[in-house]
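User: I should like to examine how the labels attached to a structure follow from its computed values. Please take the assignments in turn and justify them.

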Amino acid sequence: MSRTRTYRCLNCLEHTETREFDTSHLSVTCPNCESFERFVNEAVYQQFRAFEESPPGELDWERLDRTEKLVVAERLARSTKTIEDFAVVESNRDGGEDEDGDEEGNGNGDVDKDEDESAGGPAENPAEAPTPE
Ligand SMILES: [Zn+2]
């Protein structure tokens, strides 16, 4: 019942290993080329190959080195990312929401009322100065 995953040697691109777990890559010694190599998930490799044969227009695929290409292929094959996530620089669109907070600080009614009792506001509002008696 267990689903096996295929991993391909990135050095010789010929030898594959199968594992019963699913991960992006393995690091094992390849019996074919006899070196300790990264084996990539076959799904990642297929994505990589697809781009090699037909480079995506959204990316400057040819300018990436192989490692970078594999990173992109891995992200695409193993996540919900799309090619646009790599090609487009997201623009920050923070609205002016934060400015709402300032308006509450502008309320000056409370402070003025308290000062009227003691220091009084005759200088500011002579007409409204309370007259004793
Ligand atoms: Zn190999």
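**Reasoning from values to labels**

Analyst: A suitable starting point is Arg38, a residue of strand E4. The model is predicted, and every label below rests on values computed from it.

User: Why is Arg38 called partly exposed?

Analyst: Arg38 has 17 C-beta neighbours inside 10 Å. A buried residue needs 20 or more, and an exposed one has 12 or fewer. The value of 17 lies in between, and therefore Arg38 counts as partly exposed.

User: Which residues is Arg38 in contact with, leaving aside its neighbours within four places in sequence?

Analyst: Those residues are Leu10, His25 and Ser27. A contact requires C-beta atoms within 7 Å. In terms of C-alpha atoms, Arg38 and Val28 are separated by 6.5 Å, although they are 10 residues apart along the chain.

User: What makes E3 and E4 a pair of strands?

Analyst: Pairing requires at least two bridges. Strand E3 (residues 25-29) and strand E4 (residues 36-41) have five, in the antiparallel sense, so the criterion is met. Within this pair, Val28 stands opposite Glu37. The two strands form a hairpin with six residues between them, and Glu34 in that turn has a positive phi of about 60°.

User: How do you know that E1 pairs with E2 and with E4?

Analyst: The same threshold of at least two bridges applies. E1 and E2 share four bridges, while E1 and E4 share three; both pairings are therefore accepted, and both are antiparallel. Between E1 and E2, Arg8 stands opposite Thr16, Thr6 faces Thr18, and Arg5 has Arg19 as its bridge partner. On the E4 side, Tyr7 stands opposite Asn41. E1 and E2 also form a hairpin with six residues between them, and Leu13 in the turn has a positive phi of about 60°.

User: What makes E2 and E3 the edge strands of the sheet?

Analyst: The four strands form an open sheet in the order E2-E1-E4-E3, with antiparallel pairing. Strand E2 (16-19) and E3 each pair on one side only, and that places them at the edges. Neighbouring strands of this sheet are turned by 35° against each other on average, direction ignored.

User: How do you know that the length of H2 agrees with its number of residues?

Analyst: At 1.5 Å a residue, the 13 residues of H2 should span 18 Å. The end C-alpha atoms of H2 are 18 Å apart, so the expected and computed spans agree.

User: Which residues of H2 are buried, and what must each satisfy?

Analyst: Leu70, Val72, Ala73, Glu74, Leu76 and Ala77 are buried in H2. Each must therefore have 20 or more other C-beta atoms within 10 Å of its own.

User: Which residues touch the most other members of the largest nonpolar core, and where does this core come from?

Analyst: Of its 13 residues, Val40, Val44, Phe48, Leu70 and Ala73 touch the most other members. Strand E1 (5-9), E4, helix H1 (42-53) and helix H2 (66-78) each supply at least two residues of this core. The largest share, five residues, comes from H2. Phe48 is in contact with Lys69, Leu70 and Ala73, leaving aside neighbours within four places in sequence. H1 itself lies across E1 and E4, running at about 80° to E4.

User: What is the overall pattern, and how many residues count as buried as a percentage?

Analyst: Five helices and four strands are present, following the pattern β-β-β-β-α-α-α-α-α along the sequence. Of the 133 residues, 14% count as buried. Among contacts between residues at least 6 apart in sequence, 40% join residues at least 24 apart.

User: Where does pLDDT stay under 50, and what is its mean?

Analyst: The mean pLDDT is 78, and 64% of the residues reach 70 or more. Over residues 95-105, pLDDT stays under 50, and the model has zero contacts beyond four places in sequence for that stretch.

Notes
Residues numbered from 1 in each chain as written. Predicted model: local features only at pLDDT ≥ 70, side-chain atom pairs only at ≥ 80, totals over all residues. Core = buried A, V, L, I, M, F, W, Y, C linked by C-beta atoms within 7 Å. Contact = placed C-beta atoms within 7 Å. pLDDT = per-residue confidence, 0-100. Axes fitted to C-alpha atoms, helices over the stretch in contact; angles between N-to-C directions. Expected span 1.5 Å × (residues − 1).
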